[in-house]
Amino acid sequence: MRDRNRNSRRRDEPQPEWIPKTDIGRKVKNKEILSIEEIFARGKGVLEAQMVDFLLPSLSEETLEIMNTQRMTDCGRKAQFRAIVLVGDKQGHVGVGSGKSEEVQPAIRAAAKDARRNIVCIPIGCGSWECGCKTRHSIPIEVVGKNGSVEVRLKPAPRGLGIAANAVVRKVLAAAGVKDAWSFSRGRTRNVYNMACASIKALDSLNSMRYVGDWKERASASVEKEAEKAVEKEDAAAA
Ligand SMILES: [Zn+2]
């Protein structure tokens, strides 16, 4: 709770104007590039955190963990804080990052910046055989992601099930905009950073495959509308 207050206070502060350092950054600022997907389509990455703020104004931020770390040096112990921050817009964009500093606030800020640079775009769809409604509420197929010792497996789930996962995976999926999914994890699941990274890697692996046509076709606006109508009819009939 305290962290959320801190974040909101920080957001209210006037931020210095962004002076892009990269070519892509300049194009984003000049509104030549209007989406994150366009950056990835050009084979480029998000090198400047401000690009994300520019392209995704509805991005929300959540601090997943703040840890005390200690290191021995010649002149004694050196204590630092390590923060893990999750960002997402609930519309298929999600990222996680870590940051370290001697104070809590700068650690969170560094982590938030890192999370923005690590942002990925994921296709949301419905691949559940129990549902098959074609609206964008789950993931299109089963995926696996690994980070460190942690392995996270995500499966499509029917509408209304919710996210059956541990707290960290649930937060990641919710930030990405996935409403229903099953999840299974292995390894040292207490490790928040590895859990979050593995979940994002699993979601990101959807980008390395192509469905017949494309994911977008599977959840295109018109198909989605029709499906939503059908669902509404079903619901009305049930009630
Ligand atoms: Zn469905």
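A residue is called buried here if 20 or more other C-beta atoms lie within 10 Å of its own, exposed if 12 or fewer, and partly exposed in between, with C-beta atoms placed from the backbone. The structure is a predicted model, in which local features need pLDDT of at least 70 and side-chain atom pairs count only at pLDDT 80 or more, while totals for chains, interfaces and linings use all residues. Residues are numbered from 1 along each chain as its sequence is written.

**View 1. The protein as a whole contains nine helices and eight strands.** Both kinds of element are DSSP runs numbered from the N terminus, with helices being H or I runs of at least four residues and strands E runs of at least two. Of the 239 residues, 33% are buried. Contacts are counted when two C-beta atoms, placed from the backbone, lie within 7 Å. Among contacts with a separation of 6 or more, 59% are between residues 24 or more positions apart.

**View 2. An antiparallel open sheet is built from four strands in the order β1-β2-β3-β4.** The edges belong to β1 (60–73) and β4 (120–121), and because each has a single partner strand, one side of each is left without a neighbour in the sheet. Strands count as paired if DSSP finds at least two bridges between them. Eight antiparallel bridges link β2 (residues 76–88) with β3 (residues 93–101); in this pair Phe81 is bridged to Ser101, and Gly88 to Val94. Look for the hairpin that β2 and β3 form, with four residues between them. Lys90 sits in that turn with a positive phi of about 60°. On to the next strand: β3 and β4 run antiparallel and are joined by two bridges.

**View 3. Two helices, α5 and α6, lie across β1, β2 and β3.** Axes are lines fitted to C-alpha atoms, for helices over the stretch in contact, and the angles run from 0 to 180 degrees between N-to-C directions. Helix α5 (residues 104–117) runs at about 145° to β3, while helix α6 (residues 167–176) runs at about 45° to β2. Seven of the ten residues of α6 are buried, so this helix is largely enclosed by the rest of the structure. Those buried residues are Val168, Val169, Lys171, Val172, Leu173, Ala175 and Ala176. After α6 comes Gly177, with a positive phi near 105°.

**View 4. His93 is a buried residue of the first sheet, placed in strand β3.** Around His93 there are 24 other C-beta atoms within 10 Å. Opposite His93, in β4, stands Cys121. If residues up to four places away in sequence are set aside, His93 touches Ile36, Leu56, Gly88, Ile119 and Cys121. Follow the chain for 82 residues from His93 and you reach Ala175, yet the two C-alpha atoms are 7.7 Å apart in space.

**View 5. Gly97 is another residue of strand β3.** Gly97 counts as buried because it has 23 C-beta neighbours inside 10 Å. Beyond its neighbours within four places in sequence, Gly97 is in contact with Val85, Ala111, Ala112, Lys113, Asp114, Ala115, Arg117 and Asn118. Between the C-alpha atoms of Gly97 and Arg117 the separation is 8.1 Å, for residues 20 apart along the chain.

**View 6. A further open sheet of four strands has mixed pairing and the order β5-β6-β8-β7.** Here β5 (143–147) and β7 (163–164) are the edge strands; each has a single partner, so one side of each lacks a neighbour in the sheet. The pairing of β7 with β8 (residues 181–186) is parallel, over two bridges, and one bridge sets Ile163 against Ala181. Helix α7 (residues 192–204) lies across β5, β6 (150–156) and β8, at about 140° to β5.

**View 7. The largest nonpolar core has 53 residues.** Such a core is a set of buried Ala, Val, Leu, Ile, Met, Phe, Trp, Tyr and Cys residues joined through C-beta atoms within 7 Å. The members that touch the most others are Val85, Leu86, Val94, Val172, Ala196 and Leu203. Helix α7 gives the most to this core, with eight residues. Leu86 is worth a pause: setting aside residues up to four places away in sequence, Leu86 touches Glu62, Leu64, Val96, Ala115, Lys171, Val172, Ala175 and Ala196.
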